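Q: Hi! I am new to protein structures and would love a close look at one part of this one, with its charged residues as the theme.

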Amino acid sequence: MTTDSDTEPCVAVVGSYNHDLSMAVESLPAPGETVLGGEFTEGTGGKGSNQAVAAARLGAATSFVGCLGEDRFGDAAVDLWDEEGVSAAGVRRTDETHTGVAFIIVGDDGENVISVAQGANAHLSGADVRAAAAEIRSADVLLCQLETELDPVIAAAEVAADAGTEVILNPAPARELPESLLSNVDIITPNRGEGCILAGHEPGADLTPSELLSALTGLGVPRTVLTLGPDGALVDDSGTRTAVDAIDVEVVDTTGGGDAFNAGLAVARAEGRDLADAVRFGCVCGGLACTDFEVVLALPDRSAVDARIGE
């Protein structure tokens, strides 16, 4: 990791791009219920792309490795990364399927439900990742999620481990993870529901954060960050535990909060901060991202984060 403050932090992101189709509603529909919606927006998204854009806005030299379709949604992704200064040298385009699409419904309280059609994200392979290995080897931190198949994530973590690049895994959406992946992960960042699944429980299991964190340490990853939304995060750094508070914000839409948090954590680690301090930085990024609609629009830049920390 970078420790010289004069050296630009470098973050590589391997993951998904989805074109977001979002609708605001007064309350989220129950199964079988139809509700009338309000504002409709169309924009760029996907956990991997969001995290790459967020990292670039926070001042990191950022590269993205992923797969797009040969369609207008894929063109929008390329335009976005060019505008935000994200290197897309490791992105492959395919005519076998469409670019990934996400349907998002956001309630008045800022909570959301999301459904994703993977499209080209499911075509990202381990071979694609290995072809882009230079992007990972040159980075201080690799950031991955689980909106692709597991093979490219496993390959990315292997390349990073061989190069001495720190690996952060945001296990979303949660699923059972093989030892071949976990053995190369340095930091894992589940939220409460994801943590329950990873620990072998139902998503809504009645566990305290401390109990859940204890269960997660059994995965064998040396550092675990359990994110708790408005309650901040609980950190286990090789057995040392720290509670980190969230910042107080007026929540408008929580959709991009987790992506901003993970990007902030990755950038802070690439800058050489210790884990607890990096999580504090990430919590500020995540909180600020919840104060506006549209994920990419809401992702904070470095000046906004530094100003909030200064307060």
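Which residues gather in a patch of negative charge on the surface?

A: Happy to walk you through it, keeping in mind that this is a predicted model. The patch of negative charge on the surface is made by Glu26, Asp108, Asp109 and Glu111. Let's pick one of them, Asp108, and find its place in the chain. Asp108 sits in the loop that runs between strand E6 (100-106) and strand E7 (112-117). Its relative accessibility is 62%, so Asp108 counts as exposed, since the cut-off for that word is over 50%.

Charged residues can also meet a partner of opposite charge. The structure holds 14 salt bridges. One of them links Glu84 with Arg57, where the closest N and O atoms are 2.7 Å apart. Glu84 belongs to helix H2 (residues 72-84) and Arg57 to helix H1 (residues 47-57), so this pair ties together parts that are 27 residues apart in sequence. Here is a contrast with the patch: Glu84 has a relative accessibility of 19% and therefore counts as buried, because buried means under 20%.

Next, follow a group of salt bridges. Asp306 forms one with Arg302, with 3.1 Å between the closest N and O atoms. Both residues lie in helix H12 (residues 302-310), four residues apart, which is about one turn of the helix. Asp306 is partly exposed at 38% relative accessibility, whereas Arg302 is buried at 19%. This pair has company: salt bridges that share partners join Glu271, Arg273, Asp277, Arg302 and Asp306 into one network. Within that group, the side chains of Arg273 and Glu271 meet at 3.4 Å, N to O. Arg273 counts as partly exposed, with 22% relative accessibility, and Glu271 is partly exposed too, at 23%.

Finally, charged residues turn up in the strands as well. Nine strands form an open sheet in the order E5-E4-E1-E8-E9-E10-E11-E12-E13, with mixed pairing. Its edge strands are strand E5 (86-94) and strand E13 (240-244), each of which pairs on one side only. In general, strands of a sheet pair through backbone hydrogen bonds, either parallel or antiparallel. Strand E12 (residues 233-237) pairs with E13 in the antiparallel sense, over five bridges. Look there for Asp236, which stands opposite Arg241 in E13.

Definitions and conventions: Residues are numbered from 1 along each chain as its sequence is written. This is a predicted model: local features need pLDDT of at least 70, side-chain atom pairs count only at pLDDT 80 or more; totals for chains, interfaces and linings use all residues. Side-chain values use heavy atoms; hydrogens and water are left out. Patches are made of residues with over 30% relative accessible area and no salt bridge: like charges are joined within 9 Å, nonpolar side chains (Val, Leu, Ile, Met, Phe, Trp, Tyr) within 5 Å. Accessible areas come from the Shrake-Rupley method with a 1.4 Å probe; for residues, only the protein chains shown count as cover. A salt bridge is a side-chain nitrogen of Lys or Arg within 4 Å of a carboxyl oxygen of Asp or Glu. Lys and Arg count as positive and Asp and Glu as negative; His and the chain ends are not counted. The place of a charge is taken as NZ of Lys, CZ of Arg, CG of Asp or CD of Glu. Helices (H or I, at least four residues) and strands (E, at least two) are DSSP runs, numbered from the N terminus. Buried means under 20% relative accessible area, exposed over 50%, partly exposed in between (1.4 Å probe, protein chains only). Two strands pair if DSSP finds at least two bridges between them.
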